[in-house]
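Let's take a walk through this one, starting from a single side chain and working outwards to the empty spaces. Have the viewer open as you read.

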Amino acid sequence: MNILILGPGAVGSLWATKFQLAGHHVSLWGRTSESELSLQLDDAPFTTYSNQSISSLQEADLILITVKAWQVESAIEPLLPHINADTIVMLMHNGMGTAEWLASKLSANPIVIATTTHGAYKPSKQQVLHTGHGYTQLGGFNAKGAQCDFLAEVMNHALPEVNWNPNINGALWIKLAINCAINPLTAIHQCKNGELAGAEFTTELVNITHELVEVMNKEEIEVEFGSLYATIMQVVNATAANYSSMRQDVFHKRRTEIDFITGYLLQAAKKHHISTPENAKLYQHIKQIEQSWTEQ
Ligand SMILES: NC(=O)c1ccc[n+]([C@@H]2O[C@H](COP(=O)([O-])OP(=O)(O)OC[C@H]3O[C@@H](n4cnc5c(N)ncnc54)[C@H](OP(=O)(O)O)[C@@H]3O)[C@@H](O)[C@H]2O)c1
């Protein structure tokens, strides 16, 4: 396939190199205007990819968007006039809320949404490290996207394990719920995920989960308190030694994805007239932290 990676950061570079090794024709669309970019996966040889090539964009069978949630609009907007109506466009980022906008801009295209638990890290512009093996779920966002289940096999060949999930919305909500519980708290307290298992966080996590369940049920996601709380605590324990992405973003004073995680939850809560004070407090706290950097 002709595959274009929009946003060759850690996740995008991991998929670019894995697709290339699987025999696909891969090109990149990064932020810099060099016509070629080189990437090295772990200690494999370097491979060179074309960058910002309009013809590659026009000929792409698949555009995989791996920018952060808040970067999606500004990254894709200038490319819209060049995207063929047959090109499959896939979003792969933490959080929710970008697919609605994308589908409104590319109403003729198949739109697919993905979530991955692989870990990737770019210690330099040209090197990407595959730091944790995970799995990837895909599903259609619109009717044409729902017909793209063949992509699971294509991607599974490049970087297993990949599954097609006809209920990707449900899977994204569960991931969002886990992120709502873990990310803001670890960012505010600048702690590892495992510290949230401490008794001092129990009341807060219970309240967060109750609010999540109420909103998710209104969004027709079947979930009950006991199972969601158990899932959240299982992730806290399984990733005890890790720092969440939001903790890392706050540590490095980078804009977080809070608007597409807790912010998305708050929007849904507002739509259903549900009060979510615990999550609203966390949202405000992270926004205040972000605000404080611009005031410095
Ligand atoms: N890293 C992981 O292990 C991991 C795991 C699971 C999920 N995720 C999620 O995956 C998403 C991507 O994460 P990441 O770690 O790969 O982030 P990242 O390294 O910051 O990658 C984003 C890339 O997009 C580029 N970009 C931003 N705006 C652009 C534009 N207008 N045009 C072209 N490129 C643009 C950035 O360029 P610059 O370098 O110039 O900023 C950067 O290279 C996030 O939602 C994250 O939460 C990450």
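**Histidine 93 and the spaces between the domains**

Histidine 93 counts as buried, because its relative accessibility is 12% and the cut-off for buried is under 20%. Keep in mind that this is a predicted model. To find histidine 93, look in the loop between strand 6 (88-92) and helix 4. Its side chain makes a polar contact of 2.7 Å with the side chain of threonine 98. Leaving aside residues up to four places away in sequence, histidine 93 touches Val67, Ala69, Val72, Thr98, Ala114 and Glu257.

Now for the holes. How many cavities of 30 Å³ or more does a search of the whole structure find? Just one turns up, and the largest cavity has a volume of about 40 Å³. His93 is part of its lining, along with Asn94, Gly95, Met96, Thr115, Leu172, Lys175, Leu176 and Asn179. Helix 6 gives the most to this lining, with four residues. By class, the lining of the largest cavity has three nonpolar, five polar and one charged. Domain 1 (2-165) and domain 2 (169-295) both contribute lining residues, so the largest cavity lies between them.

The second largest pocket holds about 180 Å³ of space. Its lining has 16 residues, and Met96, Ala99, Ile113, Phe141 and Leu172 are the closest to its centre. Helix 4 (98-105), strand 7 (111-116) and helix 6 (168-189) each supply at least two lining residues. Here the classes are nine nonpolar, six polar and one charged. This pocket also lies between domain 1 and domain 2, because both give residues to its lining.

Technical notes
Residues numbered from 1 in each chain as written. Predicted model: local features only at pLDDT ≥ 70, side-chain atom pairs only at ≥ 80, totals over all residues. Heavy atoms only, no water. 1 Å grid on protein atoms, 1.4 Å probe; cavity = no way out; pocket = protein on both sides within 12 Å on 5 of 7 lines; lining within 4 Å. Points joined across faces, edges and corners; volume = space filled by probe spheres on them. Nonpolar A, V, L, I, M, F, W, Y, C, P; charged D, E, K, R; others polar. Domains from an automatic or database assignment. Buried < 20%, exposed > 50% of the residue type's maximum accessible area, 1.4 Å probe, protein only. Polar contact = N/O pair within 3.5 Å; in protein donor to acceptor, adjacent residues only side chain to side chain. Contact = heavy atoms within 4.5 Å.
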